[in-house]
2 protein chains.
Amino acid sequence: MSTVSRVLNGSPDSRVTEGVRRRILAAADELDYSPNLYARGLALGRGLHITVCTWSAVTHLSAQRAHEIHTAAVATDRQVIAIDGAALSSPYELLRLLTSQLPAACVFVSGGWRPDTIEPVVTTLHERGVYCLVVDSSWPLDPTTPCDTIRADRTQGAALGVSHLIDRGHRHIALVSLLRITGRLEGYEEALSAHGISERYIAPLDPDIPYRDDVALTECARQQTCQLIEESPQLTGLFCSSDVLAVAAMGAVRDLGLRVPDDVAIVGFDNDTFGAFLPIPLTTIEHPLDEFREATTKLLAGRLDGEDGPWRRERVDYRLIKRATTAIPEAHN
Amino acid sequence: MSTVSRVLNGSPDSRVTEGVRRRILAAADELDYSPNLYARGLALGRGLHITVCTWSAVTHLSAQRAHEIHTAAVATDRQVIAIDGAALSSPYELLRLLTSQLPAACVFVSGGWRPDTIEPVVTTLHERGVYCLVVDSSWPLDPTTPCDTIRADRTQGAALGVSHLIDRGHRHIALVSLLRITGRLEGYEEALSAHGISERYIAPLDPDIPYRDDVALTECARQQTCQLIEESPQLTGLFCSSDVLAVAAMGAVRDLGLRVPDDVAIVGFDNDTFGAFLPIPLTTIEHPLDEFREATTKLLAGRLDGEDGPWRRERVDYRLIKRATTAIPEAHN
DNA sequence: TTGAAAGCGATACCAC
DNA sequence: GTGGTATCGCTTTCAA
């Protein structure tokens, strides 16, 4: 019955007698009524839910972001469909899934998505009336892509870490990183150049290490760091592309009989939980999770509420967390 | 058109001429046809998707499990709807969301769900024809609950860790744990009793520490461990309910000028990534993720395929990962 | 202000 | 084997 629909959806110009209204709500409550999602979707020609496409749902960061969106969704009484990119058989699959769902909004989360896979999907979805939001992509999207984006500039993050080492007086600074990680090398270069430092020391972790094989990666980092320091004993600073790598690098420094931070200072990346609890708490770069959350929630809520305006390209910044691995050595000069 | 439907769904007794079949498939391909989820759901009276209800989507374990289900889903060409328990406003909300979706299967993932919230939901869903699977609940469910379950027995996990310390010759062993975590205390008791050890040393981490405040928790663990060892210097073994706590406990041991593992041996829990990379790699208890995955995938696939039979109560076991924090001290006796 | 009726797009029954 | 047709539950338009 149409009146019922009007009441239950709080239709815009709800011209319903208060008495009828109350009776309907009471009945719905009594019968434990819950609307059939499919009928509604069919009538509306689209879903009311938000779809979250994570590149890989297992990483902590993705999970964290997905959670933020769930929270935003509940706030607007919407369901969430999750698509786990890592489980997809092909990028084409993504578009197929999305068009057969046709959500109200689609959020692409996290770094792995490449612009060339996302952009066409976003374009198609936008044509079909789906609002798209891309959160934390590693690479900037084409400015004409019809969606909002929220990004932290990876180069800024890396530069922040390296600059901190320079501030602490270090001049011979190495980069310990998978070079395939976006922005690390660029940030390293940028910070050193800005301070007129020309020496470069790079531990290019084996590019053949399979994705997510943390054990192999760490072992490799340890070896390469050892070798790097032996070859260039003037090194006093290490910037590592993750906290796990930083722990490995600390191991290497210990192996060589050197001390952290007195002989070698170390900066990690990610602000992983364990960093604060290490014997020598780790200085690291923090992802601005709260800013991501805030921007995500605000954009989603606004756009789903019909808010118009040009596509936003929001930027949030990484933050430095100073801890003991870059402490200035006690004055025992 | 019915024939089209028959072809596209590979209907059971697909009595369709090969020529027609091919033409339909070709047309579908050409038109880039993707079936409307809502129409299908409406006609079928239910969804074809799998709903995953995580207690809290942000923890690594939940995310990992959710990923397994995504993978299983893709394998059977199903979509996944995720419900993040942590984002729900009330437990009642859960049932409302689920009945308005009516998935083909519903998987409850991870420890936080209490039997008394899950059981009625499962029962209702089952009445409506939804297959339910409960993975890794902290507490065993009522045996009559109409669903399959896969559990690792938390008591077994804790007992495993404590027994290992006993095997290593320790007799004065402390438990460092939030007591609200299921099974830790029981496993501790069980293992000690089984070896006729009567001494108990417990650091009952402040029960008022807010959920997921790792920093406060760790600080508290460090202090309490310190105090415990000072009061009972005969202590030589610590069993901690998580790897993060174990790191804090190691800090306490260091603070007291004692050595790990020579003076005090430590066992953690979770096999977190960082454990292997600590200066003294951490002995810990590993969640049997692969067994969970295997059992989950098999049950889901089978049941969705119409497999009948009594409800299963599968059990998987935690595993001990031996590392340096419980190494037998070099023979310098 | 309310209700009747026409879809939305797929499925499944039932004649052909 | 194939295709017409009622049907699923809800929204929306249009008359009453």
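Me: Ala, Val, Leu, Ile, Met, Phe, Trp, Tyr, Cys and Pro count as nonpolar, Asp, Glu, Lys and Arg as charged, and the others, Gly among them, as polar. How many residues of each class are on the surface near DNA strand C?

Reply: This is a predicted model, where local features need pLDDT of at least 70, side-chain atom pairs pLDDT 80 or more, and totals for chains, interfaces and linings use all residues. Residues are numbered from 1 along each chain, chains are lettered from A and ligands numbered from 1 as written, and side-chain values use heavy atoms, without hydrogens or water. Near means that a heavy atom of the residue lies within 4 Å. The surface near DNA strand C has 11 nonpolar, 7 polar and 3 charged residues.

Me: Which residues come nearest to DNA strand C?

Reply: There are 21 residues around DNA strand C. Sugar and phosphate make up 59% of the strand's atoms within 4 Å of the protein. The nearest residues are A:R6, A:T17, A:V20, B:S5 and B:N9.

Me: How far is a polar backbone atom of B:A39 from a base nitrogen of DNA strand C?

Reply: Polar contacts pair N or O atoms within 3.5 Å. Polar side-chain atoms of B:S5 and B:N9 lie 2.6 Å and 2.7 Å, respectively, from a phosphate oxygen of DNA strand C. For B:A39, the backbone atom's distance to the base nitrogen is 3.3 Å.

Me: Which element gives the most residues to the surface near DNA strand C?

Reply: Helices are DSSP runs (H or I, at least four residues), numbered from the N terminus. α1 (2-8) and α3 of chain A, with α1 (2-8) and α3 (37-44) of chain B, each supply at least two residues. The most, 5 residues, come from α3(B).

Notes: Polar contact = N/O pair within 3.5 Å; in protein donor to acceptor, adjacent residues only side chain to side chain.
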